[in-house]
Amino acid sequence: DFVTQEEGTKNVQLPVVQLKGPHYFESLLPLLTSAVRGKSHRYMVELMGKWGDNFIVRFPFPWSRWIFLNEPQAIQALLIDINPEKSDDFKRGMSALGKDGLLTAENTTWLQERRRIAPTMTERYVGDLHLIFEEEGAHLWARLEKAARSGESIEMDNAFVGTLFDITARITIGRSLGLRADASSNPMTADFGTALDEAMRRIVLPPGGGVLTALTPDGRRYRQAFRRID
């Protein structure tokens, strides 16, 4: 199997890869159950451990194909060389994380958002930020090293969100929040986690699948989280 796309006179191909994955009936129930709960990404981690960096899943129908790429070369070829248009499923999922902005908007709206932040993206300004990234990255590295030595289990989402919050705070208000790669005590962490769960539901489930959770406690938590994030 390979992916190819014509770009004028340029013909771009991904390396030929025979993708393997679980049988349709093997993954259907676990994926459906985890998708309704918004935890399908955790099930995907299990599949990655069994099938390797790149694999294929058929969901929700036998003829529907989801290709998961974790190999840097394959991801670069897909996003840069081929650069396909974002699917409606992906757009529906991103809408769960916020209104149109730099990370979620498309086309003209994205360009308008990009122009708004252009003054902060100059070479001189961005170059001065590397110390902030290095210092906060060092906190993350130290926490991971400590956990590895002690055998402690840590939640990677809390670690990365903590680092992200501290970097953002130092850039925008000039001081760290003091999370040091651990955002478990920050209430916004739970809100982002809830929003990501909803995003995964919208991406993985067919259109209208969110109705299954809209009236559940998960649905109510998401609506409250979305208002705080927005």
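Which side chain meets that of Arg170 in a salt bridge? Keep that question in mind; the tour will come back to it.

**Before you start**

This is a predicted model, in which local features need pLDDT of at least 70 and side-chain atom pairs count only at pLDDT 80 or more, while totals for chains, interfaces and linings use all residues. Residues are numbered from 1 along each chain as its sequence is written, and side-chain values use heavy atoms, with hydrogens and water left out.

**Stop 1: the whole protein**

Show everything as a cartoon. You should find 11 helices and four strands; helices (H or I, at least four residues) and strands (E, at least two) are DSSP runs, numbered from the N terminus. Of the 230 residues, 29% count as buried. Here buried means under 20% relative accessible area, exposed means over 50%, and partly exposed is in between (1.4 Å probe, protein chains only).

Now switch on the surface. Its accessible area comes to about 15,200 Å², and 58% of that belongs to carbon and sulfur atoms. Such areas come from the Shrake-Rupley method with a 1.4 Å probe; for residues, only the protein chains shown count as cover.

**Stop 2: colour by confidence**

Colour the model by pLDDT, the predictor's confidence in each residue, from 0 to 100. The protein averages 78, and 87% of the residues score at least 70. Where is confidence lowest, and where is it highest? Strand E1 (residues 4-7) has the lowest mean, 43, while helix H7 (residues 130-150) has the highest, 90. Select residues 1-16 as well: the pLDDT there is below 50, and beyond near neighbours in sequence this stretch has 28 contacts in the model. A contact means heavy atoms within 4.5 Å. Where pLDDT is low, the predicted coordinates should not be read in detail.

**Stop 3: a hairpin**

Select residues 55-68. Strand E3 (residues 55-58) and strand E4 (residues 65-68) pair in the antiparallel sense over four bridges; two strands pair if DSSP finds at least two bridges between them. A hairpin of six residues joins E3 to E4. Show the side chains and look across the pair: Phe55 stands opposite Phe68 in E4, and Val57 stands opposite Trp66 in E4. In a regular strand the side chains alternate between the two faces of the sheet.

**Stop 4: a nonpolar patch**

Next, select Ile75, Leu79 and Ile80. Together they form a nonpolar patch on the surface, with about 280 Å² of accessible area. Patches are made of residues with over 30% relative accessible area and no salt bridge; like charges are joined within 9 Å, nonpolar side chains (Val, Leu, Ile, Met, Phe, Trp, Tyr) within 5 Å. Leu79 lies in helix H3 (residues 72-82) and is exposed, with a relative accessible area of 53%.

**Stop 5: back to Arg170**

Side chains of opposite charge can pair when their charged atoms come close. The structure holds eight salt bridges, each one a side-chain nitrogen of Lys or Arg within 4 Å of a carboxyl oxygen of Asp or Glu.

Select Arg170 and Glu135, and you have the answer to the opening question: their side chains meet in a salt bridge (2.7 Å, N to O). Arg170 lies in helix H8 (residues 156-172) and Glu135 in helix H7, so the pair ties together parts that are 35 residues apart in sequence.

Add Glu136 to the selection. Arg170 forms a salt bridge with Glu136 too, the closest N and O atoms being 2.9 Å apart. This pair also ties H8 to H7, joining parts that are 34 residues apart in sequence. Glu135, Glu136 and Arg170 are thus linked in a network of salt bridges. Are the two glutamates buried or partly exposed? Glu135 is partly exposed, at 37% relative accessible area, whereas Glu136 is buried, at 3%. Arg170 counts as partly exposed, at 22%.

**Stop 6: helix H9 and a neighbour**

Move on to Glu198 and Arg201, whose side chains meet in a salt bridge (2.9 Å, N to O). Both lie in helix H9 (residues 187-204), three residues apart, about one turn of the helix. Glu198 is buried at 7% relative accessible area, and Arg201 is buried at 2%.

Finally, select Asp218 in helix H11 (residues 217-229). Not counting residues up to four places away in sequence, Asp218 touches Arg37 and Arg201. Asp218 is partly exposed, at 26%. For a last look, compare Asp218 with Val36: they are 182 residues apart along the chain, and their C-alpha atoms are separated by 9.7 Å.
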